[in-house]
Each structure stands twice: as structure tokens, then as C-alpha cells.
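Please look over the structure below. The report that follows covers a metal site, charged pairs and a surface patch.

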Amino acid sequence: MTTPQPVLSVEGIHSFYGRIEALKGISLHVDEGEIVTLIGANGAGKSTTINTISGLVTPKMGSVKLFGETISGLRVNIVASKGVVQVPEGRRIFSRMTVLENLEMGAYLRKDKAEFAGDIKRVFELFPRLAERRSQKGGTLSGGEQQMLAMGRALMAKPRLLMLDEPSMGLAPVVVDLIFETIERLNSEGMTILLIEQNAAKALTVANRGYVLEVGKVVLEGSGRELLTNERVRKAYLGEE
Amino acid sequence: MSYLIEQTINGITLGGLYALVALGYTLVYGILLLINFAHSEMFMLGGYIGLLALKVLSDPGLADDLGFGFLEPVQAFFNSGTIGFILMLVVTFLVSGALVGVVGMITERFAYRPLRNAPRLAPLISAIGISIFLQNAVLLWVSSKQLPYSRADGSSFVPVKTAFTLFGVQVSTMQVLIIVTSITLLLALDTFIARTRVGRAMRATAQDRDAAGLMGVDVNRVIMLAFFIGPALGAVAGIFNGMYYGSIKYNMGFIPGVKSFTAAVIGGIGNLRGAMLGGFLLGIIESLASGFISHAYRDVIAFIVLIVVLIVRPGGLLGESVTEKV
Ligand SMILES: Nc1ncnc2c1ncn2[C@@H]1O[C@H](COP(=O)(O)OP(=O)(O)OP(=O)(O)O)[C@@H](O)[C@H]1O
Ligand SMILES: [Mg+2]
């Protein structure tokens, strides 16, 4: 019997900011075609976890593997070239570039120039608002449009693993719904996704599995449904008594 | 009237030189928020390396001594008139620009990169250190004296002094060369940054370094490139400066460096077109002030312009409203 290789496996990573230990031995894995969510309070270490996966932060101990290949310790652009793509917290679009240029930046490492036009069309089909604003500077877009652009930019890279850091932060309910619909749609087409969310109810509903982080450690893990009904999760993250 | 035209042409010439140097400050500041105090030394090194190149390319005796005797037929052509002179200048720019560009990359690699995550004062002090080092290196190993920027026989490198006469004003060949070359280089750089993939990566890196890295941009290479382009253009300005004023000295970078940095700030530091605009503006204002008010006050007036611009538009003419990235 062969067990399928997980897309991502994070094994006991410890990451530091100076002397602050932000991650105290985090382990998790994401399998092909899954949506996995990370939930946790502010400062739990969610962003640090995906930044360590992306190579923006280098772990002191532990390893990150992509399809079995160690990627921890590689520089951020090398990790990106292996298909690990992040939609960062706060969107981080290039505000003085047009929508189109932002999408071109997403495709920066792509060699297949021929497919570029088709991929842009696909992004515009997912987010028609971007098509109307293609020549507008990123910084002049609304928050929701910026989030769409950040997601579109990530998709232009043809990710093998897409990581989203709080994509619904600060957005109106209709836009949040659009973002979650898009996440499900991409996943149904086979995209493997690691999703960080404050909106734990929504995240656990769309996710196959989830991990709960508290001060740099995984304290709970389980299927989306298990976590949704878990007493501790309900109290701490779903705002129930 | 003709005096006004004359001073304006002088100003555009000076402005072209300022703009070429200002770009180096603004490129580096745009990406690293670092004021590269050593940049004026790239201008100075350009002057020296350019002089050596020009001498080797024009003086058969010197070329022989240095083992470049095989250059003799080429030298004959270079020395044979305007076309030859212009080609010699192009070769000089390419060689000096490349060498000084490499010096720029070396300073980045060894003096700034190790300090990239240090407090902002540290790389600034490192920059001042490099500036002092390079000036003293030239002072010790080349000469502490003013060197004439001329051929072996003491004549100027430029074969024809006056290019043409405009409304009774004689426009010199040097002025035409400086204005045409600087504008050509500025347009080329602007197109490169605005239109090419690498240019886009540079802009992305300047706007959000981590996000650019996440897109797969090799941020270190982009920074290295900025440290090549700036010094290479600065070197061209240094060579022109030597030819235009007729001599060079180890400390020749200081005043033009300060002025060009001022030009970059006037235009909006970090903004490429701002540096170009600021350069020409400062050059013209300085020349007019020097011609119509007093030569002695031109530096004072240059800095008054800076202060006025900063009061009216703190971010510079084309700069963003002041948003200090931390
Ligand atoms: N650049 C940094 N320098 C120093 N400390 C940092 C830095 N980034 C994060 N930290 C610290 O690391 C810890 C984890 O932060 P992280 O951003 O990973 O949390 P998070 O779970 O993403 O929180 P949030 O939900 O607020 O985004 C926090 O204590 C935070 O203060
Ligand atoms: Mg976070």
C-alpha cells in the first residue's frame, strides 16, 4: 500500500522574532485537494506559520516539506518558484501599479507566456470587478477589490499550494461570501488550500480539516465538522456561551 | 536676451549632470530607504576611470606602456575627428560605467547588505565610511592634486569646441553632448523601469519588498541591479564633469553629490521622474541665479529652492505625500 505524499508537511517548527519564540513546535500537514484551516486568537502564530512555510521567516528547528522535498531554509523567491503561493495578510498588493501590472507580477516566474492571456481572462471571470478596473492603480481600489486582486495575483502564479491569510478581514458580508465561494470553487477544481481565518465558523464549514493554534502551539486538530462542534472551539472562537 | 539663453543652456547642461547622479540616490532610496552617501564617490571614480580610459584610447605612447599597443589603429580613428571622438566617448562610458557599476555592487554586497536588518543609522554610517575610504584611496594611490582632463599634449579631448550658434549664443560641443546623452540615458532608464519585466520587479521591490519576494522576485538581485545602474550613470556624469570643467580631484564628488541629492529630494526622493525633473530644475535655477543674481550665491539659492519646495510639498514635486515607511 502506498500512502499519498502530502502536499505540505510541517514538522515541529520553531520560529523566532529576535528572542521571542513565536512558534513553539508546530506540526501540520495538507493533503492533495484539501482545504485546511488554521484558526486561533490574535498573536497565536498563524501568520508566522505561513510566513515560515513561504520562507519569509526561517525556522530555528523543524522542517517544512513540499511533496516530500525540504523547502525550509530556502529563500522566499525559491519557495515561490516551487509553487507555494501566499495571499498575505493585509493583501499587500502593489499600490502604485495597475491591476494588470499586479497580475503580471503574480505571473513573474511563469515561463509559459502563451497561457498568460488565458489566465488573465480566468481571473477576470472569477472577479469581473477587476476587469473593469484593469488600468486603475491598485492603491485606489476598495478593500474588497484589493482582496480580489491579491487573490487574482496569487492565481496568476499557478499555485500548487495556495495559502490565504485572513482573506475576509475587514470586508462587507457580500464580499466575504464571494471570497469563500471562490475558495470553494478553486478547491472543487483541485486546488490545495491552507486557509487562515478569524471567521472560524465560515472557515471550519468549508474546510476538510482544521488546526487550532494557541500561543505558538497546535492545541486541537480535527475535521471541520469535529471542530465546529467542539466545546472549546465553540466557546473560544465561535462566540458561544 | 542672449545672456538668458546662454544661462539657460548652461543650466540644462548642469541639470543633465545632476539628474544622472540624482537617479542613483533615488533608485537606492526607493528600495532600501537608504541615503547612499557613497554615491558621490561613484561620480568621482567615474571621472578617474574615464580619464584613464580616454588616455589609453587616445594616446599611443601610454597604450604602448600599458601593453595596449595593439590599439594603435583604433586610436588613429578615435583621434581623427568628431565621429571618432564620439565613438571613443561611447567606449569610455561603457568601460567606466561597467567598472564603477561593479564597485557599486561590491559596496552593496559588503557594506550594506550585512546591515539590512540593522537600525537605519547603521548603513548610513557605513555609507559615510565608504565615501571616506574611496576618497582617501584615490588621494593616496592616484593623486592628491587636481588632474587636467586632457590629451597627452594638454589639449582638450573635444576636437571641435563650438557645436553651433543659437540666437547669437555659442553652444559648445560638450554642452550638446551632455544634454543629448543625459536625456537619452534618462529616457532609456525610464522605459526600462516602466516597461520591462525586470523594471517591474524593481518597482514591486520598492513598493513592498516581502510581497515582491512572495511573487518570486529575487530581491537581492534587484537591489544589486539598482546598485549597478545608479553608479554606472553616476560615472557617466563624472566623466562629463571632468571634460566640461577640465579637471578632476579626489574630492570632486562632494558638492555635485550634495546638489544631486538635493535635486532628488526636490523631485520627490524615491521617484525616478522626480529625480530627473529635480535635476534639470535645480541646474537651470542655479545657472540663472548665478548669472542674474550672483555667482557666489548660487549654492545658497539652490538650497532656498529646496526649502521652499519642502515647505510647499513635503514629499517633493512628484513624491507621495510624506509617508515614511518604517
Ligand atoms: N515582525 C515581527 N517582529 C516581532 N514579533 C512579531 C513579528 N511578527 C509577529 N510577531 C509576534 O509573533 C507572534 C505571532 O504573530 P502572528 O502574526 O503570527 O500572529 P497571528 O496568529 O497571525 O495573529 P493575527 O490574528 O493578529 O494576525 C505575536 O506575538 C507577534 O507579536
Ligand atoms: Mg496574522
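A residue counts as buried when its relative accessible area is under 20%, as exposed when it is over 50%, and as partly exposed in between. The model is predicted.

**Metal site**

A:Ser47 has a relative accessibility of 17%, so this residue is buried. Its OG atom is a donor to the magnesium ion (ligand 2), together with OE of A:Glu89. These protein donors lie 1.9 to 2.6 Å from the ion. A:Ser47 sits in helix α1 (residues 46-54) of chain A, while A:Glu89 belongs to the loop between β6 (84-87) and α3 (99-106), so the pair ties together parts 42 residues apart in sequence. A:Glu89 is partly exposed, because its relative accessibility is 34%.

**Salt bridges**

Over all chains, the count comes to 27 salt bridges. Three of them are listed here.

| Pair | Closest N to O distance |
|---|---|
| A:Glu34 and A:Arg209 | 2.7 Å |
| B:Lys259 and B:Glu286 | 3.3 Å |
| B:Arg298 and B:Glu286 | 3.9 Å |

Take the chain A pair, A:Glu34 with A:Arg209. A:Glu34 lies in the loop between β2 (20-30) and β3 (35-40), and A:Arg209 lies in strand β9 (residues 209-214), so the salt bridge ties together parts that are 175 residues apart in sequence. A:Glu34 is buried at 11% relative accessible area. A:Arg209 is buried too, at 16%.

In chain B, B:Glu286 forms a salt bridge with B:Lys259 and another with B:Arg298. B:Lys259 is in helix α11 (residues 254-267) and B:Glu286 in helix α12 (residues 272-292), so their bridge ties together parts 27 residues apart in sequence. B:Arg298, in helix α13, is 12 residues from B:Glu286, and this pair also links distant parts of the chain.

How buried or exposed are these side chains? B:Lys259 is buried, with a relative accessible area of 3%. B:Glu286 is buried at 2%. B:Arg298 is partly exposed at 28%.

Chain A also holds a network of salt bridges. It links A:Arg110, A:Asp112, A:Glu115, A:Asp119 and A:Lys158.

**Surface patch**

Which residues form a nonpolar patch on the surface? They are B:Tyr297, B:Val300, B:Ile304, B:Ile307, B:Val308, B:Ile311 and B:Val312. Together they have about 710 Å² of accessible area. B:Val312 is placed in helix α13 (residues 298-312) of chain B. Its relative accessibility is 63%, so B:Val312 counts as exposed.

How values were computed: Residues are numbered from 1 along each chain as its sequence is written. Chains are lettered from A and ligands numbered from 1 in the order in which they are written. This is a predicted model: local features need pLDDT of at least 70, side-chain atom pairs count only at pLDDT 80 or more; totals for chains, interfaces and linings use all residues. Side-chain values use heavy atoms; hydrogens and water are left out. Donors are N, O and S atoms within 2.8 Å of the metal (3.2 Å for Na, K and Ca); water is not among the atoms, so sites may look incomplete. Helices (H or I, at least four residues) and strands (E, at least two) are DSSP runs, numbered from the N terminus. Buried means under 20% relative accessible area, exposed over 50%, partly exposed in between (1.4 Å probe, protein chains only). Patches are made of residues with over 30% relative accessible area and no salt bridge: like charges are joined within 9 Å, nonpolar side chains (Val, Leu, Ile, Met, Phe, Trp, Tyr) within 5 Å. Accessible areas come from the Shrake-Rupley method with a 1.4 Å probe; for residues, only the protein chains shown count as cover. A salt bridge is a side-chain nitrogen of Lys or Arg within 4 Å of a carboxyl oxygen of Asp or Glu.
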